[in-house]
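Biologist: I have the structure open and would like to go through it with you. Shall we begin with the contacts along the chain?

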Amino acid sequence: LKRKPNKEQTPTVFKEYIGKSLCTYGNFYAEIVRDGRERIVAVIPLDPRRVDVGRNATTGEIQYTWSGDLGEQVVLTPRDMLHVPLMGDGIVGKSPVELASNPIAMGMVCQEFANAFFGNSTVPSGLLIHPETLGEDAENNLLRRFESRHQGARKAGKLMVLEEGMKYQPMGSMLKDSQFTE
């Protein structure tokens, strides 16, 4: 590897490909080629998208299946494969993008929830209790008036006027319990 990893690559180009493969796919694979005396004569990089890692059905040992351009498949043992996984389960690596995708997705979901909560008051802070059953029109009218006066971050904390014997019953915030606001 120090002098000439294979006929087509300098050590510098070979190492750059290792870095690119790890950053892009989370794995670097290279076939180890030996001569008749079992000496390593070349290390040939393989496209990580064309290598499947699995276990031999008979022995249970790890094996690598490389799929070529013409559909041919070559099965290699760990002895004939240089495999460098980047973080993962120890057998197959994960790219930095793949590793970051879950926290990024969770952050986006939390941001969306926070926007909805503070913009639309999606979790009620209390209940309006009317002494009688409201008809559909009366309920819709009450909701429209209430939302226009109290919904949204800029209208939070405004005085509420209750009519016809209605009462307000406050509810605890689920966000305080989950420490979302911290």
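Modeller: Certainly. Please note that this is a predicted model. Of the contacts in the protein with a separation of 6 or more, 49% are accounted for by residues 24 or more positions apart.

Biologist: How many helices and strands are there in the protein?

Modeller: The protein has 4 helices and 8 strands. Read from the N terminus, the elements run α-β-β-β-β-β-β-α-β-α-β-α.

Biologist: In what order do the strands of the open sheet lie?

Modeller: The open sheet has 3 strands in the order β3-β4-β5, with antiparallel pairing. Its edge strands are β3 (51-55) and β5 (73-76), each of which pairs on one side only. From one strand to the next, the twist averages 25°.

Biologist: How many bridges join β3 to β4?

Modeller: There are 5 bridges between β3 and strand β4 (residues 62-67), and the two run antiparallel. Opposite Gln63 in β4 stands Gly54.

Biologist: Turning to the interior, which residues form the largest nonpolar core?

Modeller: That core has 6 residues: Tyr29, Leu46, Val51, Tyr64, Leu76 and Met81. Another core, of 5 residues, lies apart from it; among them are Phe14, Phe28, Ala30 and Val43.

Biologist: What does Leu76 touch, not counting residues up to four places away in sequence?

Modeller: On that count, Leu76 touches Glu31, Leu46, Gln63, Tyr64 and Met81.

Biologist: And what share of the protein is buried?

Modeller: Buried residues make up 21% of the 182 residues. The protein exposes about 13,400 Å², of which carbon and sulfur atoms supply 55%.

How values were computed. Residues numbered from 1 in each chain as written. Predicted model: local features only at pLDDT ≥ 70, side-chain atom pairs only at ≥ 80, totals over all residues. Heavy atoms only, no water. Core = buried A, V, L, I, M, F, W, Y, C linked by side-chain atoms within 4.5 Å. Buried < 20%, exposed > 50% of the residue type's maximum accessible area, 1.4 Å probe, protein only. Contact = heavy atoms within 4.5 Å. Areas by Shrake-Rupley, 256 points an atom, 1.4 Å probe, with all protein chains shown as cover. Pairing = 2+ DSSP bridges. Axes fitted to C-alpha atoms, helices over the stretch in contact; angles between N-to-C directions.
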